[in-house]
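Work through the exercises below with the model open beside you. Try each task before reading its solution.

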Amino acid sequence: MSYHSAQHTGSVGSRDILAFGPFLLSSGLCLGQGIQAQNGPLPKPSLQANPSTLVPLDTPVTIRCQGPPGVDLYRLEKLRSGEYTDEAVLHIAAMKRSHAGQYRCSYQNGSRWSLPSEQLELVATGVFEKPTLSAQPSPEVSPGGDVTLQCQSRYGFDQYALYKKGDVGPRKRPERWYRANFPIITVTAAHSGTYQCYSFSSKFPYLWSAPSDPLKLVVTGTTVTPSRLPTEAPSSATETSRTITIFTKGPGLTTGLAHKSYMKENVVRICLGAVILMFLVGFLVEDWHSRKKSPLYLVRAVHRPLPPLPQTQKPHGRQDGGPDGHHCGCHHENLKTWLYLRDES
C-alpha cells in the first residue's frame, strides 16, 4: 500500500515579528542613546583658584578652567558683571576689590557647548580690620571635652567665618552681636590645629576682613596631631554652616572628565554589542523555525482499476477444434473467466 506526503504550510509573519522584535527594540534604544550622546551637552569642566580662593589684597591669584584635551574654545566669566574672557586661564597680578565675586567657565567643541562648571567664589581678604579669636574655656582641651572658639570684632558685622589651616574650607555662621561662637563638641585629635577667623557683611559677601591672629588648639593626652583632618560639622541646633570648596590642581581633574567621556562611549559600545547579539539571535530563531518540520498528513492513494486487455481477433474457420468452431468458443469463455478472477484478486 503506497502513501503520499503533504506538508502543512502556514504564515510565519508572526514568528518573524517575535524573532526580530527585541532586535528592533534594542536598535531603537541604542540609536536614541547615540543621538543623545552626540547632541547632548559636553561634560562640565572644573574651575580652580591658585593658591587659594581667599586672596589678600594686592597679592596674585590664578583662576584656571580645566576641560578635556582638544578643546576648541574656553569661556571664563564673572557672574553678575557681564565680564568674560575666551581663555582658560585668568591671571590676576594684584587682587582688588573689583576682582572678588563668583566665577564659572565652560568650553566649546565644534558647535556644542559644555555644561557650566561649579561656581567659584573668589574672596578678597584684608578689606577690613582683623577680628580676634579665642578659645573658651581654654585652647587646651582633653579628648572628649567641649570647647568653643569665639570670633569677635568691634564692628557690627553680621557674618563670620572660621578657618582651620589645611582644611578644605571655612565654617560660616551669621551673627549680629559683634561676635560668633563656633562650638566643638566631643573634641578628638582631629580637632588639633591652627585656626583663624574672618568677619564680613552679608551685603558684600566676597569682601572679608583680614584674618585674625592664629589660635592653636591643643588636644592634651594625644600623641597624634594631624595637620590636615576634616573638622567636625557644626550642630544644626547651634549654628548654620556653609562650605566653600577650594580645588587643588592635579591630574585627577583631567582624569575625571575623561572618565565621564569614556562612560558615554562605553554605553554606545554596549548598545552596539547588544544590537549585534539580538541580530544573531533573531537569525538563529528564524533558522530554527525554517528547519522545524510540520507533522505529515498521510493520504491513501486512490485505487484505480486496470484497463481491460485487448481482445485478439481469431480467423473464422476451423482451428484446432470442430468445423463449427465450438472449441474456440470454449477457449474464449475460459479467457473471460481468467480475467475476471484476476481482477477480483
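## Exercise 1: a proline in a loop

Pro41 is partly exposed, with a relative accessible area of 43%. The cut-offs are these: buried is under 20% relative accessible area, exposed is over 50%, and partly exposed lies in between (1.4 Å probe, protein chains only). This is a predicted model, in which local features need pLDDT of at least 70, side-chain atom pairs count only at pLDDT 80 or more, and totals for chains, interfaces and linings use all residues. Residues are numbered from 1 along each chain as its sequence is written, and side-chain values use heavy atoms, with hydrogens and water left out.

Task: locate Pro41 in the chain and give its distance to Leu115.

Solution. Step one: find the loop between helix 1 (13-39) and strand 2; Pro41 is there. Helices (H or I, at least four residues) and strands (E, at least two) are DSSP runs, numbered from the N terminus. Step two: go to Leu115, which is 74 residues from Pro41 in sequence. In space, the two C-alpha atoms are 6.1 Å apart.

## Exercise 2: following Thr62 across strands

Task: which residues stand opposite Thr62 in strand 2 and in strand 7?

Solution. Step one: take strand 2 (residues 46-50) and strand 4 (residues 61-66), which pair in the antiparallel sense over five bridges. Two strands pair if DSSP finds at least two bridges between them. Here Asn50 stands opposite Thr62. Step two: move on to strand 7 (residues 89-92), which pairs with strand 4 over four bridges, again antiparallel. In strand 7, Thr62 faces His91.

## Exercise 3: a sheet of three strands

Task: what is the strand order of the open sheet, and which are its edge strands?

Solution. Step one: the order is 11-13-16, with antiparallel pairing. Step two: strand 11 (132-136) and strand 16 (179-184) are the edges, since each pairs on one side only. Step three: neighbouring strands of this sheet are turned by 20° against each other on average, direction ignored. Axes are lines fitted to C-alpha atoms (for helices, over the stretch in contact), and angles run from 0 to 180 degrees between N-to-C directions. Step four: check one pair. Strand 11 and strand 13 (residues 147-152) are joined by five bridges. Ala135 has Leu149 as its bridge partner in strand 13.

## Exercise 4: a lysine in a strand

Task: is Lys164 buried or exposed?

Solution. Step one: find Lys164 in strand 14 (residues 159-164). Step two: read its relative accessible area, 2%; Lys164 is buried. Step three: look at the polar atoms of its side chain. The backbone oxygen of Ala190 lies 2.6 Å from one such atom. For the backbone oxygen of Ser192, the distance is 3.2 Å.

Technical notes
A polar contact is a pair of N or O atoms within 3.5 Å; within protein, one must be able to donate a hydrogen and the other to accept it, and residues adjacent in sequence count only if both atoms are side-chain atoms.
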